[in-house]
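This report describes the interior of one protein model, from its nonpolar cores to its enclosed cavities.

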Amino acid sequence: MADPAPSTARDRIRGGVGAPQAHDSALKHTTGEALYIDDLPEPAGLLHAALGLADRARARILSMSLDRVRAAPGVVAVLTAADVPGHNDIGPTHRGDEPIFPDSQVAFHGQPLFAVIAASREAARRAARLADVDYEDHPHRTTIEDAVAAGGDLVCEPMTLVRGDVEAALAAAPKRLRARMSLGGQEHFYLEGQIALAIPGEDGAVLVHSSTQHPSETQTMIALALGLAAHDVTVEVRRMGGGFGGKESQANHCAVVAAMAAVRLGRAVKLRLDRDEDMVATGKRHDFLIDYDVGFDETGRIAAVDFLYAARCGFSADLSGPVTDRALFHCDNAYFYPHVRARSLPLRTDTVSNTAFRGFGGPQGMVGAERVVEEVAFALGMDPLDVRKANLYAPGRDLTPYHQPVEDELGRDIIADLERRCDYRARRAALRAANAQGGVLRRGLALTPVKFGISFTATLFNQAGALINIYRDGSILLNHGGTEMGQGLDTKVAQVVAEEFQVDLDRVRITATSTAKVPNTSATAASSGADLNGMAAQAAARTLKQRLVDFAVERFAAPAEQIVFLPNRVRVGNQEIAFAELIEQAYAARVSLSATGFYRTPDIHWDRRAGRGRPFYYFAYGAAASEVVVDTLTGEYRVERVDILHDVGDSLNPALDRGQIEGGFVQGMGWLTTEELWWDAKGRLRTHAPSTYKIPLASDRPRIFNVDLLHGRPNAANTVYRSKAVGEPPLMLAISVLHALSDAVASLGGYRVCPRLDAPATPERVLMAIERLRG
């Protein structure tokens, strides 16, 4: 089979790889026609579920009377731990530490204790508030400091990465400093909350429409809880209204409760949390205390660094093990440490179990790295960018803390290119001169890089499957194991299929992700959705193409090298046949027009106990320069300008990639500035609604927002069309905003003292840092 002939401007498919194609649901999103679970037509006899939540942070349940709940109007059933027919656990690590409903111990304020099933959602929610629960209160640990003071109970095994002799190098370093920084968590704040609709079928089977990033795991949890086999449970996802990691494991609870009620009652059941319940009862991004001890010389080169990343993990393991592991994987960001030790401390607290969030620990690791660079710069009176450049990896020579070689120079090239594009040096000099004049308003500027490893660090998840059916009219139906949450995965994978067959994109239809079509899928996470599912779809398409070539060789007596797929047609020898016509002829000749594809990421391995391996298939790079202005009387600030240069390899879809970069940056900016999670002395989350939890608004966007993709640098790894992942890495570009704020604050002290600005850098924290420097 010959490769497709080069396309001309007049002769190419519409919507192929590299085209800035609109999201397949963009118009439906805009008009409200996109169907989410709560928009689906309600099955006859639909019942609604609501959760009864604990109002203690840590306690023993002495008694729980649900008589008033059962007697409430419209109530059909009430489910407790005693009603779980199978395993009372939904923890993704299967440790038995995350019950659907607890038997007797309350682990956090807002923990679901029971479920009410009623004729209407309002009836169920009203009834859920009528429980009479008698508690025996126990002392609770809410903060990381509380957990350490109580003995440092861990939710899972910690990890240590070591390379070199850290203690000797620190002792020998010409200069050394130690400090700690506090880094807050983040609420996912997806627009569509947690929801599931379960519909019972024959012989105990159940179909569950779930807003989940991991349909196969949700399927497994439902089967285990109900005592069923996996083939009795089908989980389907057409789209989610956002996920950001918050629906990787956290979607399991709603799905399991809805399925349990549906199978028990023989009627469809829907469970949808409202915003307050969602924020109280589901996990967040992990917050950290980061201790660092760094040795360096007069030129700003780091000789050694010792990190301790202590995380608030909540009451159960959930995904805290791999999250804190990835924090260590990214404690270097783009910098080489000749001697390094990094340790994780995944602490148990009496709060909701924290979970996956865009970046999966990587952002927290990078923030620690950038604080170290900033400390060195202030200690030496250097520009932080010069310290950054002095410590960048030398490709082909340097190893990461986990002993994986860094083999490319993209990090260096991107920083140098962005420094020139944004006129960093001249702007920095002008800002310094203006700040030297005094005044209420102070400006800050920072340029920070990103180096983010791409792959699941749990090697088994680096696999994907896809299914392609071609119909007699030449139309194509695509199904793959990834889930669409607004990021454009379905569009990208469809573009790959269109490109392979050389047909217009509108000939490819994407169908809902279903465990009944593609089994044993991995979560759509770790920025791997397009890498894994795109390659699986490409494999399925190439299987079908080879069948069509074999058929054409026999049917037309033409050699295989003379069979070329052209836009919407196929050249066979000296003649051209419409794609649809070739398909019809193949069907008539009894050629199978359905195929599966499978892909597993090559060349990766990881030994966690040894702290060595190659956990990442490649690295994605980027850099951002951010300029801010700070009101030194109030601590309020604006982001004036942001310049971004980001590496996406050969982009599958530049429009979607640009959207991911812009959205990821703003989400990261919110995490590091305005989004503050706060628990009171009773262990209650008080920032549980938009009135108290401040995500960025359109008005918070940078006044000037320049975003460019790095061109002409295809992925050196053999990914789908040499593209690179773009889901998570852009979030970390927002670290530049935190350091621009620090730069502005530092002007109050003549740039002689590191402000040590913790995150989120709310106006209150900025003002406190200003007052410290003034003092």
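The largest nonpolar core has 156 residues, and Phe307, Ile468 and Phe501 have the most contacts inside it. Such a core is a set of buried Ala, Val, Leu, Ile, Met, Phe, Trp, Tyr and Cys residues joined through side-chain atoms within 4.5 Å; buried means under 20% relative accessible area with a 1.4 Å probe, protein chains only. Helix α15 (residues 529–556) gives the largest share of this core, 13 residues; helices are DSSP runs of H or I with at least four residues, numbered from the N terminus. Apart from this core lies another, of 35 residues, including Ala49, Val84, Phe101 and Leu271.

The model is predicted: local features need pLDDT of at least 70 and side-chain atom pairs pLDDT 80 or more, while totals for chains, interfaces and linings use all residues. Residues are numbered from 1 along each chain as its sequence is written, and side-chain values use heavy atoms, without hydrogens and water.

Gln538 belongs to helix α15 and counts as buried because its relative accessibility is 8%. Beyond four places in sequence, Gln538 contacts (heavy atoms within 4.5 Å) Val496, Glu500, Val720 and Tyr721.

The largest cavity, a set of points on a 1 Å grid over the protein atoms alone where a 1.4 Å probe fits but cannot get out, has a volume of about 230 Å³, the space filled by probe spheres set on the points. Its lining, by class, is as follows.

| Class in the lining of the largest cavity | Number |
|---|---|
| Nonpolar | 14 residues |
| Polar | seven residues |
| Charged | two residues |

Notes:
Buried < 20%, exposed > 50% of the residue type's maximum accessible area, 1.4 Å probe, protein only. Helix = DSSP H or I, 4+ residues; strand = E, 2+ residues; numbered from the N terminus. 1 Å grid on protein atoms, 1.4 Å probe; cavity = no way out; pocket = protein on both sides within 12 Å on 5 of 7 lines; lining within 4 Å. Nonpolar A, V, L, I, M, F, W, Y, C, P; charged D, E, K, R; others polar.
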